[in-house]
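Visitor: Hey, got a minute to walk me through this one? I'd like to start with how the strands are put together.

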Amino acid sequence: MAAQAASSMSEISSSANGSDATKRPGTPQITPSELSRPANLQRIAQRKAQIKTYPIRKKLEKLGVYSSCKAEDSCKCNGWKNPNPPPTPTRVDLSQPLANQTDPCRSCGHTLGAHISHLHDIPEDELNRLLCMVIDVENLFMCVHKEEDADTKQVYFYLFKILRKGILQMSNVTVEGPLGTPPFEKPSIGKAVLNFVLYKFGHLPQREWQIMHDLAKMFLHCLNHWKLETPTVKKQHSQGEELAAYKANYTRWLCYCQVPVFCDSLKKYDPTAVFGRTLLRSVFSVMRRQLLEKFRAEKEKMPPDKRTIVLTHFPRFLSMLEEEVYGENSPVWDDDFTVPQSLSLGPSRLVSPLTPLTDKGDSLVATASAAVGSSLSSMSSMLQLSSSTSPTEDLTGEKRSSEDDGTADNSIKRQKLAGDVPVEVLTQIVATISDPSAMLGPEGGLYPGTHSARDEAARCEERRGVIEFHVVGNSFTRQPSRQTLLWLVGLQNVFSYQLPRMPKEYISRLVFDPKHKTLALVKDNKPIGGICFRMFPTQNFTEIVFCAVTSNEQVKGYGTHLMNHLKDYHVKHSVLNFLTYADEYAIGYFKKQGFSKDIRMQKSSYIGYIKDYEGATLMHCAINSRIQYTEFSTIIRKQKEIVKQLMEKKQTEIRKVYPGLKCFQEGVRQIPVESIPGIRETGWKPSLTKSEDDTADADHLQTQLKNILTQVKNHASSWPFQRPVEISEAPDYYDHIKYPMDLRTMTDRLKSGYFSSKKLFIADMMRIFTNCRTYNAPETEYYKCANTVERFFLSKVKELRKTN
């Protein structure tokens, strides 16, 4: 047998040297693991297509190399060998015959015709099938010689022999032996993952279900293209029966899944269709770690909406699946799995299989995406999620799509008001500010972060996958997952540490009470904050029981973003009122989140439901169902930018320079305001005749404003604002500050009667401070002077209002 195998190998070597597989100078060395790459698969397909176009004499010559001699029964030659092999590299046309049928075999001496006599009456389709098997044999021959792992080399050699045997006997190739036939275990991985999605997520609304369904398909696709570790590598962290089972599955995987990718003479199976729990357990931990590492490394290449889904939802999906893979009593692996009666599933979900993700047109994975090997290349091609998936949809319901906002019928158009901006103009402006970095509005400058929304940093971290939000809770009817229980324990510790006045037993009782839920803020898979609440849907309110963020993570906007998520969650569940008892330290926080001491609910709605606390203040927050709170500040900022550009557009349209007035040179001392050229085009309208009382009020106003302006000018910290900024002092100042203001200019305006109201005066004064903070860094003396003088000015304005 060893001699026969050696003879077969030498035949293939000789054939390869005389075939179109001849290695040419500059051709890269291809390893066995690289044969399954799309580019190499395409080359193999091209070779097979090319060989089918050969003339019949060339086809017979090619098959003669793999055909046994028929001259005598006693001849044991199993392949004709060219007595005059072409040189390497060859300089002849390989598609043309290189030998005659009368040429003798270098091994047995019989002619080529004696080796191919049985092939003359075979149909051309059968000849082409055998020629394709020849290509597969040559590829396996290369694999045997290139492969370094002993176990893998042995499998390649075994498949090489059965393919070689198939050509000799002109039969279909089947893998025989102790490996068994697919499927090797039931239920299959694909069936179990579908059971898992139905079992864990079947109760979710359609959009959330679609996300989990697509993530399950992406996981199965990755597993179908995963390159398993060799038994030698697996031996480093496994042993005994586990290693023996893995070696058997690895051999099956090579024979039925991996090699058939580039040798289509062998029937190919998807690993998720023929393997079960045993294989998944042996590869899940390594696969999960490497997948998440690769996704994080390539997150900048992903579209923002896909990045949120993959970096936020996929890790959570894998964590929940891991419990079912390694759990001993998981129902998803039962052969007779049925959906629990408590889940009311639509018929589309029950019959929706998780088909392999190589089907054409599947929006989750690009067709013919690169195989997922140890390098995990081209991961971004797997992220083309279904268009039915909302990019901002959160699994727990904290986020919602725009079509959920409002209850008005979209078919009813809003009545157009006089002065409305044309839709075309708005569309044009919105297109120019789609970049979030450009939506800074009038508050932008050298240090825009100083004036950004409180939750901006937290929202950015959520988009990058740094933090996550989950609604979790205990249950007596369904066993909570291990991850849920760990998070609940972590939240209990956060609340106990941050709320020392609350008894720990009381906190534990409410956190683990099935009637209460907690919106958890998770970072590095650990809860760093949360809001514990209890919903009363029949009364249309929710009681917020605990709200805390761990001390070393505060002042990052997490608290605001946490509350915004909670509001979005309640809008989706149609509960539009919050009630909470806040102590003296929490009142400020709740006021910033829209809470008020003015309770705008009927007492009968909450008396007897909400818990009373001594020394705390009851506060109420009404939720607007038409607002998406997690994106509210971004929307406002975008609206401000739109208004700003509309104003600039309007100014451009009406800006016109008129010639100077020459009437004063001719001795005219006064003219009506309305006679000034261009004054009416700006929108100015003549006012009514002023009465004596109006004149007296104007004089009184001027006196008050003069007193305040004098006090501000005399303030010790007002020295930076006394005069306009000189270009020599700050060359780029007017590049950043479009509307400068100073105390000298305000004095001139006061003398000219410019300030017709307190609002104009206050606006100019506040512009001084805003400009200063925009241009200067917070740690500079100018910035601090602006804050000091601003406080002084506002106190004087407050005194003025009290006097009036």
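Guide: Sure. One term up front: two strands pair if DSSP finds at least two bridges between them. And keep in mind that this is a predicted model.

Visitor: Okay, so how do E3 and E4 pair, parallel or antiparallel?

Guide: Antiparallel, with eight bridges between E3 and E4. One of the bridges puts Phe-533 together with Ile-544 in E4.

Visitor: What's going on in the hairpin there, at Asn-540?

Guide: The hairpin of E3 and E4 has four residues between the strands, and Asn-540 takes a positive phi near 60°.

Visitor: And how does E4 run against E5, parallel or antiparallel?

Guide: Parallel, and three bridges join E4 to E5. Glu-543 stands opposite Leu-579 in E5. The link is a right-handed β-α-β unit made of E4, helix H19 (residues 558-572) and E5.

Visitor: What does Leu-579 face in E6?

Guide: His-620 stands opposite Leu-579 there. E5 (residues 577-582) and E6 are antiparallel and pair over six bridges.

Visitor: Zooming out, what's the strand order of the sheet?

Guide: E1-E2-E3-E4-E5-E6, in an open sheet of six strands with mixed pairing. At the edges are E1 (467-472) and E6 (617-622), each pairing on one side only. On average, neighbouring strands are turned by 25° against each other, direction ignored.

Visitor: Which strands does helix H17 touch?

Guide: Helix H17 (residues 482-498) packs on the sheet and touches E1, E2 (517-523), E3 (526-536) and E4 (541-549). The direction of H17 makes about 90° with that of E3. Helix H18 (residues 504-511) also packs on the sheet, touching E3 and E4, and its direction is at about 125° to that of E4.

Visitor: With that packing in mind, how many residues of E4 are buried?

Guide: Eight of the nine residues in E4, so the strand is mostly covered, taking buried as under 20% relative accessible area.

Visitor: Switching topic: how many disulfides are there?

Guide: A search of the whole structure finds zero. Take Cys-257: the nearest cysteine sulfur belongs to Cys-255 and is 9.5 Å away. The cut-off for a disulfide is 2.5 Å between the sulfurs, so Cys-257 is in none.

Visitor: Is Cys-257 buried or exposed?

Guide: Buried, with a relative accessible area of 3%.

Visitor: And what does Cys-460 count as?

Guide: Partly exposed, because its relative accessibility is 27%, and that class lies between the under 20% of buried and the over 50% of exposed.

Notes: Residues numbered from 1 in each chain as written. Predicted model: local features only at pLDDT ≥ 70, side-chain atom pairs only at ≥ 80, totals over all residues. Heavy atoms only, no water. Helix = DSSP H or I, 4+ residues; strand = E, 2+ residues; numbered from the N terminus. Axes fitted to C-alpha atoms, helices over the stretch in contact; angles between N-to-C directions. Contact = heavy atoms within 4.5 Å. Buried < 20%, exposed > 50% of the residue type's maximum accessible area, 1.4 Å probe, protein only. Right-handed = clockwise from strand over helix to strand, strands pointing away.
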